[in-house]
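Here is a short briefing to read alongside the model. Please keep the sequence and the 3D view open as you go.

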Amino acid sequence: MPAKSKAQQKAAGAALSAKRGETPKKELKGASKGMYESMTEKELDDLASTKRKELPQKADKDA
């Protein structure tokens, strides 16, 4: 599943880094903390690897 915004992609990258043990879990905030707890490493990898070129900075509230 691709990320819907650059912010979502960035949060997924932070959560993925913590999931892999590259950064401490205590450094996570907001959405990345929730993603860490609720998503698998594969799901986080899919979100984090989305191409950023066409993504908006933040997703629309309607989407």
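The notes below go from the overall fold to the first helix and then to the charged pairs.

This is a predicted model. The protein has three helices and zero strands, and from the N terminus on its elements run α-α-α. There are three salt bridges in the structure, and some of them share partners, joining Arg20, Glu41 and Asp45 into one network.

**Overall fold**

- The radius of gyration is 11 Å, close to the 11 Å that the globule rule gives for 63 residues, so the protein is as compact as a globular protein of that length.
- If you would like a feel for the dimensions, the C-alpha trace spans about 30 × 20 × 15 Å along its principal axes.
- Of the 63 residues, 30% count as buried.
- About 4600 Å² of the protein is exposed, and carbon and sulfur atoms supply 49% of that area.
- Take the contacts between residues at least 6 apart in sequence: 61% of these join residues at least 24 apart.

**Helix α1 and what follows it**

- Helix α1 covers residues 6-19, and its 14 residues should span 20 Å at 1.5 Å a residue. The end C-alpha atoms of α1 are indeed 20 Å apart, which agrees with that expectation.
- Which residues of α1 are buried? They are Gln9, Ala11, Ala12, Ala15, Leu16, Ser17 and Ala18.
- The cover over these buried residues of α1 includes α2 and α3.
- Just after α1, Gly21 takes a positive phi of about 85°.

**The network around Arg20**

- Arg20 sits in the loop between α1 (6-19) and α2 (30-38). Arg20 is partly exposed, with a relative accessible area of 40%.
- One partner of Arg20 is Glu41, and their side chains meet in a salt bridge at 3.1 Å, N to O. Glu41 lies in helix α3 (residues 41-48) and Arg20 in the loop, so this pair ties together parts that are 21 residues apart in sequence.
- Glu41 is partly exposed, with a relative accessible area of 38%.
- Asp45 also forms a salt bridge with Arg20, with the closest N and O atoms 3.6 Å apart. This pair again links distant parts of the chain, with Asp45 in helix α3 and Arg20 in the loop between α1 and α2, 25 residues apart.
- Asp45 is partly exposed too, at a relative accessible area of 30%.
- As general background, side chains of opposite charge can pair when their charged atoms come close.

**A pair within helix α3**

- Where do Lys42 and Asp46 lie with respect to each other? Both are in helix α3, four residues apart, and so about one helical turn separates them.
- An α-helix has 3.6 residues a turn, so residues three or four places apart point the same way.
- The side chains of Lys42 and Asp46 meet in a salt bridge at 2.8 Å, N to O.
- Is Lys42 buried or exposed? At 54% relative accessibility, Lys42 counts as exposed, while Asp46 is partly exposed, with a relative accessible area of 25%.

**To take away**

- Helix α3 holds Glu41 and Asp45, and each of these forms a salt bridge with Arg20.
- Helix α3 also holds the pair Lys42 and Asp46, which are joined by a salt bridge.

Definitions and conventions. Residues numbered from 1 in each chain as written. Predicted model: local features only at pLDDT ≥ 70, side-chain atom pairs only at ≥ 80, totals over all residues. Heavy atoms only, no water. Salt bridge = Lys/Arg side-chain N within 4 Å of Asp/Glu carboxyl O. Helix = DSSP H or I, 4+ residues; strand = E, 2+ residues; numbered from the N terminus. Buried < 20%, exposed > 50% of the residue type's maximum accessible area, 1.4 Å probe, protein only. Expected span 1.5 Å × (residues − 1). Contact = heavy atoms within 4.5 Å. Rg over C-alpha atoms; globule rule 2.2 N^0.38 Å. Areas by Shrake-Rupley, 256 points an atom, 1.4 Å probe, with all protein chains shown as cover.
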